[in-house]
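Student: Could we go through this protein together, one question at a time?
Tutor: Happily! Have a look at it here, and then ask away.

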Amino acid sequence: MKAPFLTFDQKNMNKELFDLGQKMIKGAETIMGIENIDVGVSPKELVFQQDKMKLYHYTRKDKPSCGVPVLIVYALVNKEYMLDLQPDRSIVKNLLDRGLDLYIIDWGYPTKADRYIGLDDYINVYMSDAVDFIRETSNNDKINLMGICQGGTFSTMFSAIYPEKVKNLITLVTPIDFSIKKGLLFNWSKNINPDALIDAYGVVPGDFLNSGFVMLMPITLNVGKYIGMLDVVGEKEKLLNFLRMEKWIFDSPDQAGECLRQFIKDMYQGNKLAAGGLKIGDKDVNLKKITMPLLNIYASGDHIVPPAATKPLNDLVSSTDKELYEFKGGHIGVFVGAKSQKELAPAISEWLHKRADGKPHKKTAK
């Protein structure tokens, strides 16, 4: 039997090449017309700063319907403007529109001078001083904390150390149990030598860590998205959506060495937050001291922080009012997806408004 010959439809090939060329020409014209890639669109003002940490307060034209302010704490490895990428993809705008009074921490960009900044500084100095500033200026003994990813881990640590300062705790896609064997990031961190890494760099380049995140989904994040970009390259608004995401993905601050050292050793390798024995500075971190209402949100399709790393928090705290909320989506979709804007922001707002009076609520599940 003879092998079949490969045949080509020259006419269709020529047409596809011509269409691709036209698309690239139109795309080049569109890109040339883009002067700025704007992110972090909701208006805010700088109200407090300590070293490179900046605390911003989102401005409002009216009085918030929820009188207890919310401090948003993001991770160190990427920038917080992911939560406010553009008006139609902004969980910040959605929460503001629903009457919340929002503050957010910008951790800044560490330099070589910051290599000895540790977890103690981030939790017991920067976060603590930011929380105290909000408490004093808003005339509230307690504030609401909303932590995202590693920022949720920080917020959980803070709430365990200073429960008297936190009225309600919300965690989104937050790693708590680091003993899990799911996820490349968790396995990679368990086997890395943090001393060799940090002693070599001092301040670890953000690009080094970002490459690890990209390798979680190498085809999708390295090839697939750029192929998909060809479908929108001639449409300015859709192209801007793509470029904003690209800006955020590659805007990776360097990491203060001593903080990263302790985080890898005590979290990924020691699992001390969930298992016990974690100490930050001179403060013991005991999750049983968390008694305030808890809303723990995980994403069912999360490949960065698998649900198994997030869900155990509800069993480790002493809170009687606690909710485990499943979001049908991935790690990034929690913040920028259309479903997030329609579902998650209203759910968070409603949960906080119900607890603004400080009265206990029955345990719920979703």
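**Salt bridges, core and helices**

Tutor: Let's start with one side chain: in this predicted model, Arg60 has a relative accessible area of 24%, so Arg60 is partly exposed.

Student: Which residue does Arg60 meet in a salt bridge?
Tutor: The partner is partly exposed too, with 48% relative accessibility. The two side chains come together at 3.0 Å, N to O. That partner is Asp62.

Student: Is Lys79 buried or exposed?
Tutor: Lys79 forms a salt bridge with Glu80, and their closest N and O atoms are 3.8 Å apart. Glu80 has a relative accessible area of 11%, so Glu80 is buried. Buried means under 20% relative accessible area. Lys79 has 4% relative accessibility, so Lys79 counts as buried.

Student: Which helix gives the largest share of the largest nonpolar core?
Tutor: That core has 95 residues, and Met157 is among those with the most contacts inside it. Eight of the core residues come from one helix, residues 119-138. That helix is H3.

Student: How do H3 and H4 lie relative to each other, roughly parallel or roughly perpendicular?
Tutor: Their axes are 11 Å apart and the packing angle is about 75 degrees. Angles of 65 to 115 degrees count as roughly perpendicular. So H3 is, relative to H4, roughly perpendicular.

Student: How many charged residues are in the contact of H3 with H4?
Tutor: Leu119 and Ile123 are among the H3 residues there, and Phe154 and Met157 are among those from H4. The contact has nine nonpolar residues and three polar ones. The number of charged residues is none: no charged.

Conventions: Residues numbered from 1 in each chain as written. Predicted model: local features only at pLDDT ≥ 70, side-chain atom pairs only at ≥ 80, totals over all residues. Heavy atoms only, no water. Core = buried A, V, L, I, M, F, W, Y, C linked by side-chain atoms within 4.5 Å. Buried < 20%, exposed > 50% of the residue type's maximum accessible area, 1.4 Å probe, protein only. Helix = DSSP H or I, 4+ residues; strand = E, 2+ residues; numbered from the N terminus. Axes fitted to C-alpha atoms, helices over the stretch in contact; angles between N-to-C directions. Parallel < 35°, antiparallel > 145°, perpendicular 65-115°, else oblique. Contact = heavy atoms within 4.5 Å. Nonpolar A, V, L, I, M, F, W, Y, C, P; charged D, E, K, R; others polar. Salt bridge = Lys/Arg side-chain N within 4 Å of Asp/Glu carboxyl O.
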